[in-house]
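Good morning, and thank you for the time on today's agenda. Please take a moment with the sequence and the model on the screen before I begin.

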Amino acid sequence: MPQIEDFSLDEFLDALATEFAALADERGVALRFVPSKRLVRSDQRLLRRILQNLLSNAIRYTPAGGRVLLGCRVAGDALRLEVWDTGAGIPDDMHDAVFREFQRLAGSDGSQQGLGLGLAIVERVARMLNHKVTLRSKVGKGSVFGVTVPVGEVLPKRPAVTEMPDPRIRELAGAVVLCIDDSPDILDGMAALLGGWHCDVRVASSGADWRDALHGDTPDLILADYHLDDDRDGLELIAEICGDVGRIIPAIVISADQSEALSEEATRRGHAILAKPVKPAALRALMTRLLVQRAALVTRTAS
């Protein structure tokens with residue numbers, strides 16, 4: 001059930017902008033946000049999921065040199081949180097369709113752009129919160145996705161705390177992450193990095209020992225190197241693990257291979273792909289997005 005409360009947008013928007021700064025920088029997109037000290041009434045965790053998906057899509061589909069803006073504006077007696085982008089835009093007759101699972105749109109170059117589950121999750125979570133989602137777009141100019149949220153009245157009194165967890169890694173805490181790589185040095189580095197984000201890290205050096213690494217647990221996320229020494233690749237191994245546990249596990253394929261063929265195959269199988277050398281901030285942002293999407297699907301299935 002949503003935990004509705006009044007809260008300030010000040011730290012809320014700042015944390016989102018910080019979380020996606022590395023991803024935007026990696027893609028050559030200028031990301032900025034307009035601070036606001038206004039109060040809104042919502043579930044912070046679920047509202048953050050909505051905006052994470054909107055920001056992720058905006059950055060992903062805005063070409064290098066473009067801009068993404070996060071901010072809010074008054075909408076009657078409510079506030080509308082908006083994500084602006086300078087991407088290709090969405091035709092009027094596709095405004096409803098983009099909120100369907102795995103809807104694909106034609107890109108400006110004739111390619112097919114897969115929107116995945118992001119906007120479908122946005123629509124479902126917003127419906128849970130009774131928040132209205134809006135879309136304005138102009139082909140060739142960009143899009144504006146918005147979510148209208150009631151105005152808050154009074155900030156609740158919170159007990160003093162000595163330390164607040166970093167909002168950028170809050171979603172990662174406790175997640176069981178299986179890392180597969182044939183390099184012991186890389187595994188040691190990943191274990192240290194993910195452990196610092198409070199993940200429950202399991203490491204395997206080949207396709208033969210991932211079961212021992214999990215000790216019967218089911219991973220929340222898989223990070224797999226594409227090129228492995230035992231004549232297998234990361235895509236095959238992820239398929240084996242998912243088949244063994246009986247469900248789809250969010251996965252990130254890590255590779256120095258930047259070929260379009262590998263990217264298309266990973267996307268076709270529903271996996272994310274990250275280039276070597278891995279940038280920690282980009283990895284953190286991608287892991288957070290995948291875990292947020294997985295949690296939203298679990299919530300949907302349970303309801």
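Across which strands does helix H2 lie? Helix H2, residues 44-60, lies across E2, E4, E5 and strand E9 (142-150), and its direction runs at about 25° to E5. Contact here means heavy atoms within 4.5 Å. Axes are lines fitted to C-alpha atoms, for helices over the stretch in contact, with angles from 0 to 180 degrees between N-to-C directions. The names of the elements come from DSSP runs, numbered from the N terminus: helices are H or I with at least four residues, and strands are E with at least two.

Some remarks on the source. This is a predicted model, in which local features need pLDDT of at least 70 and side-chain atom pairs count only at pLDDT 80 or more, while totals for chains, interfaces and linings use all residues. Residues are numbered from 1 along each chain as its sequence is written, and side-chain values use heavy atoms, with hydrogens and water left out.

Let me turn to the sheet beneath this helix. Its five strands form an open sheet in the order E2-E4-E5-E9-E8, with mixed pairing; two strands pair if DSSP finds at least two bridges between them. Strand E2 (30-33) and strand E8 (132-138) are at the edges with a single partner strand each, so one side of each has no neighbour in the sheet. On average, neighbouring strands are turned by 20° against each other, direction ignored. Helix H1, residues 9-26, also packs on this sheet, where it touches E2, E4 and E5; its direction makes about 175° with that of E2. Within the sheet, E4 (residues 67-75) and E5 (residues 78-85) run antiparallel and are joined by eight bridges, and Gly71 stands opposite Glu82 in E5.

Next, the interior. A nonpolar core is a set of buried Ala, Val, Leu, Ile, Met, Phe, Trp, Tyr and Cys residues joined through side-chain atoms within 4.5 Å. Buried means under 20% relative accessible area, exposed over 50%, and partly exposed in between, with a 1.4 Å probe and protein chains only. The largest core has 36 residues, and those touching the most other members include Leu9, Phe12, Leu47 and Val83. H2 gives the most to this core, with eight residues. Leu47 touches, among others, Phe7, Phe12, Leu81 and Val149, not counting residues up to four places away in sequence.

Which residue of helix H2 deserves a separate word? Gln52 is in helix H2 and counts as buried, at 1% relative accessibility. Its side chain joins that of Glu19 in a polar contact of 3.0 Å. Such a contact is a pair of N or O atoms within 3.5 Å; within protein, one must be able to donate a hydrogen and the other to accept it, and residues adjacent in sequence count only if both atoms are side-chain atoms.

In the loop between H2 and E4 lies Thr62, which is buried at 4% relative accessible area. The Thr62 side chain reaches the backbone oxygen of Ala58 at 2.5 Å.

Finally, there is a further open sheet of five strands, ordered E11-E10-E12-E13-E14, with parallel pairing. Five bridges join E10 (residues 176-180) to E11, and Val176 stands opposite Asp200 in E11. Helix H4, residues 184-196, lies across E10, E11 and strand E12 (221-225), at about 170° to E11.
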